[in-house]
Every structure is written in C-alpha cells, then in structure tokens.
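Trainee: I've got a structure open and I don't know how to read it. Could you walk me through some features?

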Amino acid sequence: MLFYLALSISGSALPANEHDFIEGLLQHMTLEEKVDQLNQLGVQDTPTGPVIDQGELAQLPMSTVGSVLGAYGFEQTRRLQEQVVMRSRLHIPLLFAFDVIHGFRTVFPVPLAEAAAWDPALAQRTARAAAVEATASGVHWTFAPMVDIARDPRWGRVVEGSGEDPFLGAALASAKVQGFHGAGPPDPSFMLATAKHFVTYGAAEGGRDYNVADVSERTLREVYLPPFQAAVAAGVDGIMPSFNELAGVPLHSNTALLTGVLRNQWRFGGLIVSDFNAIWELSQHGIARGPADRARLAFNAGVDIDMASQTYRQHLPALVRNGEVPLTAVDDAVRRVLQAKQRLGLFEDPYRYSDEARQRANVLTPQHRALAREAAQKSIVLLKNTDALLPLPKHLRNVLVVGSLATDAEATIGPWALAGHPEESITVLQGIRRAVAADTEVVYLPGASPVSKEAENLNTVRQAARLAEVVVAVLGEQADQSGEARSRADLGLPGAQEALLRALLDTGKPVVILLMNGRPLVLSPTVRQAPALLETWFLGSEMGNAVADILFGDVNPSGKLPITFPRSEGQIPLYYAHKNTGRPPSGDGRYASAYIDEHWTPLYPFGFGLSYTSFSYSTPRLSAQRLASTQSLDVTVTVTNTGARSGEEIVQLYLRDDVASVTRPVRQLRGFRKVHLAPGEARDLTFTLDQGDFALLDSDFSPVVEAGTFTVFVGADSTTENHARFEVTDSRALSISGQSVPSQGSN
Ligand code: BGC
C-alpha cells in the first residue's frame, strides 16, 4: 500500500488518514510538479477537436502530465501508467480520461435518441454498463454527460444532448451521473463523470458550432443552467466549460460563471477541465495578449486542468512566481486532482483499472448487447402510421429495402462511439433479414446515399419497387453529418435521397421511411407524403435488431420526441416552452406573431410520438382547487389503453403560471411517467407538485411563488389541451441556493 510514495518521500512518516496523505504529498511537490498535475495530454486526436502540434507532444515526457485524454485498453493504459509511476520523482499516477458518451465497446443510442425514451432509469443503466466496460479497459474518467440544452437543430451537437427541455435534461443528467458512478468507490467500476459544456454552448448563434451565445440572464438561469445544477447535485466530478463565449466573455475565462456560480453558489468542489485546446483559443477570441495571458485568464477564472494546449505547463509557474496567480489557488486545483486520484484508489494501486481479465469478461457482453437492444427499442419514435400500415407482417412475398444507410454500420453507431467497432453492430438491413419469415424475400438496393449527388440506377429501383409488396426506405444522415463542427443550414434529406424517395412514392407502393439521423430534420412535402415514418436516430450496436422489433411489431413503439421538429429552417429556434407574446401567434388577424409564408406551429411537437395502440386520458383531478404556497398538490389522471395491443405511454404533465410578475412560458414540463397498459386496461397516475414547481425567478432573480392561478395540462405531448386549474393563495419567497429554477427530475 502506498509503496511508491514511501519510496520517494524518504524519511517522512506516511500520514495516517487520507486528508493528511494529500497534504503531505502537496508539501513535497515543487511548483512545476504541481502544475504538471494540471496538464492533460491528448495522446490521440479527438475525432473533431482541433489538431495541435504533435511534434511538440511527442517530445513531452509523460512525467509532466497529470491526466491523459484518449488512451484506453488495459495494455496502453498500463504502459503509460508505468512510465509515470516508475519514472517520475513522486510516482503520482495518471488519470485516464475518455469520451464515453453513449456506450463504450457496446454502443447505446446517441444521447438525443435515448432522451426519446424519457427514461432516467434506462439512462442510468446504459451509463452503468458503459462505465463497467470503460473502467475495465483502463478508463477512470468520462467527459459525459453532455447536458447542453439545444433548441437549434442546425447545431450538429444536438445529437449529444437530451434535447430542448431543462426539466427532462436535468432528470437525465442526474441519472447519467449516478450510472457512471454506480456503487461508488472503492468499486473499480466507479467512473468519474463530467457535465459539459458549461454553459450556453447550445445557444451558438445561427446554430454554427463554436459561435457566440448572447442569451439573457433569465434564459441562462431558467433554461441552460438547470441540467448542470442537477448534475452537480448528483455529485458530478467534473465540469467542462464550453468553447464559445457568452455575452462577450469566453466561458474559459468566465470568472462569474466558473467561480461565481459553480464554486461559490453551487459549492462545486470537483474538477473544472478545459475543453480541447480551448485555453489556447482565448487568443483567437481576442481577449488574451499572449500565451501567458491565456494561462492567467483561464486559471484565475477557475479552470483547473488544461486539456491539450500545454499553456499551463509552459506559463503557470512563472505566473505564480511573479504574483499574477496565487500559489494557494494552484494548491487548491492540484488538491482536487489528487483527491480524484485518491477516490479512484490509484494511490493504493495505480493499475487497478488496467486489468486484462476484467476487460475480457466485461466488454461487449450478451447482457450489454441486450441492454443496447432494449434502449434502442425504447428510443424509436413513431411519427406517422396512416391506415395502420405498421407493424408489417413478417410473412411477405417480398420487401424492398432502399438507401445506403440500411447497410451503413458507421451511421448505426453514430458520431461519438470512439471505442465502438462498426463491424460489431447490426445494421438495419441485417436486422430486417433476421426478422422476416424464411420465405420472405428481402431485396436491397442502395439507390442513394446522404452524400451522393445523384441517385443510382433509378430505373432498377423503380422496377424493384413495383414488384415489392412494401418498400422500406432508410433515409437521413451519415454519422459525420451530425456531431461536433457538423452544423447544417439545410436540414432536408441530404444528397440524392429526396430524388430516390420521389421515385419510390411515384410507384404507388406503400413506403415506410426509417429516418436515421442525429438531429431533427426538416421533412419535405415528399417525405410527409409517405404513409409511415419512424424516427430511428443512430441507435448503436443493436440498431438493426431493435428497428426490426418495432417494424414487425414484436415491440410496440413508445418513444416521444425530446426536441421539436420544425416545418422549415426559417422557424428556428422553435420550442414548446415559448412565451405567449402580446400578440399570440394563435390569434386571429394580420398582426399576430406568426409568418406570412409558413405555419408558426412545428411539424412534430416536443413530446410527440405514436403507438400501435391508442390511449385516452381523463380530465386531471386535483387534490385541491386552492392551496397555500407551502402545500403540495396531487394531480391524478386515468390513462386507458383503448386499442387492441398492449403498449407503453409516456404521460406528460405541463404547468402554466397564468399571471405572474414576469412573463412565463406558455407551459413547462413538470412531470412525466411511463405506464404499461394491456388492451382495455386503465390506470390512475398521480403527480405531486409543490413550491419548487410553482416557483419562478422574479425581476431580481430571486425564487418566489406568486399567488394566482395555474393551469396544469396532462396528456400525450406538449400540445395537449387536457387541463385543470388551481389557485395558490399566497406569495412566498423561497430560499433555494443556486438561483436557477429548481428542476428535480421526474416525479
Ligand atoms: C469536445 C469535447 C470533448 C473533447 C475531448 C472536444 O472537441 O468539445 O466535448 O470532450 O473534445 O475529446
């Protein structure tokens, strides 16, 4: 135990408890050794991050590094760990960080897809499985969950988050953190988690990645901060600032948010780690006078660890010596790094995560594949099903599958599956072939890809479609058309897919469209003409099987959209929790807040998703019509399966504060619950609302409950009109730390 430290600090008795151990270590460290702990080396390029000078990195001794990005596998992590533990003076082990975003070797649905399951318990289970695999492969620390609220589907990173809503986002953020943690230390599958990108990255102007955000303080507190606050409350270990600026201040030099909100208001005691090379980019932002200035700005704002740019290593020691950076602040940052290593048990055994036997036993197991299939099934959203075309029978004379995405294994696992192997995933075509009856012929023609300029062999495709009983068109985006630096201005089907679809529809045959994409697409009139539409996103290792499970009715679809699908790009940003305005768009007449050339409503609203069965809702019943601000309110609704199949419904509760001292959204999600019902079965569901749900931030941003009436809506999506009204009889100031509106997750 603690053998290598004992070797190095000769003569000093080892401190008895853990606190003393870290303090003892700090006392023995030179300033340079301390700064090394704040230096994170990228040993491989991120798929999308800016490339830095690899020549310089190759020269860097590993002992000048406190953590490493991108290394994984027991062999590589053990080798790097040995270099540091054996060759550095104090033998302080490395932290291995990796982007474990939606699975590891077993790939789960991309986060936006998984958010469509509205299932925090599922999010927790997939994060757990990912942590089990990653930690068995040497990884200590993930840069997930990504909890950025995104209301602009032009932004490619919409795919990485939970969509547009802070309440759903907060519930999933905290579930993910708990999943990555598992039972916690000393369990060796405990993995450190990082909430990113703090904050308003998703508000990049024009949806252009890295672009400036300029949101109001109210929107910041009500919309963008709550998922971060939920992650902090769940015990998240790290926070990563975002690449962009907010109202003139880059997040990497944003003292008010990093130190003011995170450290002082929320009492966040974990690590603040820069994004890739982002400290270097402070010069590009035009706020740093040179390299030393970048280090000073970022460190003094609160960034503990420098990912990839080497700025701290080169400049922090001098800044401390000349008094521009306090040594005590460096000690605090280093202490946080050492504490993280201690929590992982690395001082006792630096190799405890690099374990060959554990890696072999835990990665891509049948259990994880089964979970990937379940998660994928639950993430699929049925958008349209005219005349109950779906589910398809498994006995068909023949089925024509069209579209290059049907066999695209890279798209199957999506843009952020760095440790995933595409060839280990089940493509849509494979899934369909496995599912149909032995005598059903499956014909496949690529027809068009998301990057082809022209459709291939359209005449052959037409001919095959005419002979087919049903056509399944797999259309959407390739994996590299969503994700970082993948902003799009045109959200239609890219490439020649639209022409392909036109040709298919012209045959008059029934066409089922499987959409495969990482963001809401703008579905053209041609797409809308198809009788059946399933949103299948990028679903991971078991995508093909899960799609077939839904397509042929072994599983009834239950997903609901976690983000609005607009009719056209010109409507963006479009989200359900909008304000009413003084001239509501729903109003009559010429001077309404609407468009003269487009509807103001979305094509598919937030929360929308169909089922192969149908559900009905009773009017909400309230435990009281009038209540004091300190009282809670029960809202009960009876949900009935009125169709012929059993199915799951995601019941959603929205709240509107009818009159307040500041304008309020027309409704806000305040509860959701998944219920499984057999045909004809009815169930009562009760949601409890309290002051945290009634509260708003007043004009001074103090949380208050204001007396007045509220409307509560309960139904199948964010447009439900099924409502009841109640009154809160008194006003009251709340003492809630953190000052963003509380979001406690699902009821
Ligand atoms: C991304 C981060 C990611 C980091 C490390 C950056 O390009 O913005 O989300 O964690 O790379 O891979």
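Mentor: Sure, let's begin with a definition: a residue is buried under 20% relative accessible area, exposed over 50%, and partly exposed in between. Keep in mind too that this is a predicted model.

Trainee: Okay, let me try that out. Is A485 buried or partly exposed?

Mentor: A485 has a relative accessibility of 35%, so it counts as partly exposed. You'll find A485 in the loop between β14 (470-476) and α20 (497-506).

Trainee: What about its backbone? How do I spot something unusual there?

Mentor: Here's the general idea: most residues other than glycine have a negative phi, and most peptide bonds are trans. Now look at A485 again: its phi is positive, about 60°, although it is not a glycine. A308 also has a positive phi, of about 80°, and is not a glycine either. A308 sits in the loop between β10 (306-307) and α13 (311-321), and it is buried because its relative accessible area is 1%.

Trainee: And which residues does a cis peptide bond join?

Mentor: One such bond joins A144 and P145, with omega about 5°; P145 is in the loop between β4 (141-142) and α8. A cis bond also joins L390 and P391, where omega is about 0°. P391 belongs to the loop between β11 and β12 (398-402).

Trainee: Got it. How do I describe two helices that pack together?

Mentor: You give the angle between their axes and the distance between the axes. Take α7 (residues 120-136) and α16 (residues 366-379): they pack at an angle of about 150°, and their axes are 11 Å apart. Their crossing is left-handed.

Trainee: Which residues of α7 meet α16?

Mentor: On the α7 side they are L122, R125, T126, A129, V132 and E133, and they meet H368, L371, E374, A375 and K378 in α16. Sorted by class, this contact has 5 nonpolar, 2 polar and 4 charged residues.

Trainee: Look at the spacing in that list! Is there a general idea behind it?

Mentor: There's one to keep in mind: an α-helix has 3.6 residues a turn, so residues three or four places apart point the same way.

Trainee: And how do I read a helix that's tucked inside?

Mentor: Check its residues against the cut-off for buried. In α10 (residues 226-233), 7 of the 8 residues are buried, so this helix is largely enclosed by the rest of the structure. The buried residues of α10 pack against α8 (166-181), β5 (194-198), α9 (217-224), β6 (238-241) and α11 (255-265).

Trainee: What about aromatic rings? How many aromatic pairs are there in the whole structure?

Mentor: A search finds 21 of them. You describe a pair of aromatic rings by the distance of the centres and the angle of the planes. W118 and F672, for instance, are edge-to-face, with 5.4 Å centre to centre and 90° between the planes. W118 is in the loop between α6 (111-115) and α7, while F672 is in strand β22 (residues 668-677), so the pair ties together parts that are 554 residues apart in sequence. Both W118 and F672 are buried.

Trainee: Are there stacked ones too, or bigger groups?

Mentor: Y604 and F608 form a stacked pair, 5.2 Å centre to centre with 20° between the planes. As for groups, ring pairs link W118, F167, Y576, F606, Y654 and F672 into a cluster.

Trainee: Last one: which residue lies over the face of F687?

Mentor: That's R673, at 5.0 Å from the ring centre. Likewise, R358 lies over the face of Y353, at 5.7 Å from the ring centre.

Definitions and conventions
Residues numbered from 1 in each chain as written. Predicted model: local features only at pLDDT ≥ 70, side-chain atom pairs only at ≥ 80, totals over all residues. Heavy atoms only, no water. Axes fitted to C-alpha atoms, helices over the stretch in contact; angles between N-to-C directions. Helix = DSSP H or I, 4+ residues; strand = E, 2+ residues; numbered from the N terminus. Left-handed = near helix turned anticlockwise from the far one by under 90°. Contact = heavy atoms within 4.5 Å. Nonpolar A, V, L, I, M, F, W, Y, C, P; charged D, E, K, R; others polar. Phe/Tyr/Trp six-rings, centres within 6.5 Å; stacked < 30°, edge-to-face > 60°. Buried < 20%, exposed > 50% of the residue type's maximum accessible area, 1.4 Å probe, protein only. Lys NZ or Arg CZ within 6 Å of the ring centre and 35° of its normal.
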